[in-house]
Amino acid sequence: MESLFVKEITVLGIGNTILTDEGFGVRVVEFLRENYTFPENVQLVDGGTLGVELTHFVIGTQKLLIIDSIDGGVEPGTTFHLRDGEILSHFTQKISAHEIGIQDILTMLEISGKKIPRVELIGVQPYSLEAGIELTPPMQKLIPIFADKAMEILKSWLNM
């Protein structure tokens with residue numbers, strides 16, 4: 001059942017805010033909410049560590065931008081920009097709860113004929129996943145950079 005409140009475009013920040021850099025996606029969405037104004041057809045969602053429960057926030061959206069801290073086993077600070085099918089391929093190799101949830105959601109929507117037409121993910125390899133509520137200083141510096149990247153993607157979607 002589609003939510004009556006889901007917007008055409010969804011920006012979804014995911015991550016665990018009590019594991020330092022794991023909360024990056026949530027922090028970027030908070031920054032976007034505090035520093036930018038969005039048209040009526042755009043919703044910002046703090047997905048935290050929700051798994052398949054996120055479905056009701058995204059079912060029916062036409063364009064989904066996911067922002068996340070991604071453990072790709074590479075150098076900390078390495079950035080990622082994945083699109084559509086690349087995202088499912090990436091998440092099949094991951095084991096964290098929210099990444100499995102995103103994979104499940106996207107797969108479930110595709111199987112049920114409600115695939116989101118456009119999905120992009122921007123993320124960064126974390127510096128630390130230790131317990132703590134603050135991002136590491138290098139990750140904090142990336143918040144406005146990722147906010148700008150998110151805005152660039154959103155502007156391209158709004159002009160399509």
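Two strands pair if DSSP finds at least two bridges between them. Keep that in mind for this predicted model.

**Strand β1**

Start with β1, residues 9-14. This strand is mostly covered, with six of its six residues buried. In a regular strand the side chains alternate between the two faces of the sheet. β1 shows two such sets: Ile9, Val11 and Gly13 point one way, while Thr10, Leu12 and Ile14 point the other way. Residues of both sets are buried.

**Partners of β1**

Which strands does β1 pair with? The table lists β2 and β3.

| Partner of β1 | Residues | Bridges | Sense | One facing pair |
|---|---|---|---|---|
| β2 | 42-48 | six bridges | parallel | Ile14 and Gly48 |
| β3 | 63-69 | five bridges | parallel | Ile9 and Lys63 |

Look at β2 in detail. Ile14 of β1 stands opposite Gly48 in β2. To get from β1 to β2, the chain crosses through helix α1, residues 24-35. This β-α-β crossover is right-handed. Now turn to β3. There, Lys63 is the bridge partner of Ile9.

**Helix α1**

How far does α1 reach from its first C-alpha to its last? The helix has twelve residues and reaches 16 Å. That is close to the 16 Å expected at 1.5 Å a residue.

Which residues of α1 are buried? They are Phe24, Gly25, Val26, Val28, Val29 and Leu32. An α-helix has 3.6 residues a turn, so residues three or four places apart point the same way. The cover over the buried residues of α1 includes β1, β2 and β3. It also includes β5 (118-124) and α5 (137-158).

Definitions and conventions:
Residues are numbered from 1 along each chain as its sequence is written. This is a predicted model: local features need pLDDT of at least 70, side-chain atom pairs count only at pLDDT 80 or more; totals for chains, interfaces and linings use all residues. Side-chain values use heavy atoms; hydrogens and water are left out. Buried means under 20% relative accessible area, exposed over 50%, partly exposed in between (1.4 Å probe, protein chains only). Helices (H or I, at least four residues) and strands (E, at least two) are DSSP runs, numbered from the N terminus. A crossover is right-handed if, with the strands pointing away from the viewer, the path from the first strand over the helix to the second runs clockwise. The expected span of a helix is 1.5 Å times one less than its number of residues. Contact means heavy atoms within 4.5 Å.
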